[in-house]
Amino acid sequence: MILELATIDIKPGTNAEFEQSLEKAQAVISQSKGYLGHDFKKCIEQQNRYVLLIRWESLEAHTIGFRESELFKEWRGLIGPFFENPPVVLHYEDLGMTSFE
């Protein structure tokens, strides 16, 4: 399992609209092959910052399977207009030291 961590800064004052679009976008991404689940978080200190944590079966499930699909175009069309700047997207692998239940 690979964890995609995307940090997104949106245009100030667009939080409500972004969150509505993000709700629609989660229905799109969940259709992608290799998608395992997600958590979307809003920053407390910086009101226009969000973190998207998306679990994939493999790196390629995200970088090729999703990113090169029509679903990605639909996903980006929903949330992309709110971006203040390009998201920072990095991928992580599990070390097997989880304490969350």
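Which residues does L36 touch, not counting residues up to four places away in sequence? In this predicted model, the list is short enough to give in full: M1, R55, W56 and E57. L36 itself sits in strand β2. One of those partners, E57, is 21 residues away along the chain, yet the two C-alpha atoms are 6.6 Å apart in space. As for exposure, L36 comes out as partly exposed because its relative accessible area is 44%, which falls between the 20% and 50% cut-offs.

The strand pairing around L36 comes next. Strand β2 covers residues 35-42 and runs antiparallel to strand β3, residues 49-56, with seven bridges joining the two. Getting from β2 to β3 takes a hairpin of six residues. Within this pair, G37 stands opposite R55 of β3, and R55 also turns up among the residues that L36 touches.

Then there are the helices. Helix α1 (residues 15-29) packs against helix α3 (residues 70-79) with the axes 8 Å apart and at an angle of about 170°. Angles over 145 degrees count as roughly antiparallel, so α1 and α3 fall into that class. On the α1 side, the contact draws on F18, S21, L22, K24, A25, Q26, V28 and I29. Facing them from α3 are L71, E74, W75, L78 and I79. Sorted by type, the residues of this contact split into nine nonpolar, two polar and two charged.

Methods
Residues numbered from 1 in each chain as written. Predicted model: local features only at pLDDT ≥ 70, side-chain atom pairs only at ≥ 80, totals over all residues. Heavy atoms only, no water. Axes fitted to C-alpha atoms, helices over the stretch in contact; angles between N-to-C directions. Helix = DSSP H or I, 4+ residues; strand = E, 2+ residues; numbered from the N terminus. Parallel < 35°, antiparallel > 145°, perpendicular 65-115°, else oblique. Contact = heavy atoms within 4.5 Å. Nonpolar A, V, L, I, M, F, W, Y, C, P; charged D, E, K, R; others polar. Pairing = 2+ DSSP bridges. Buried < 20%, exposed > 50% of the residue type's maximum accessible area, 1.4 Å probe, protein only.
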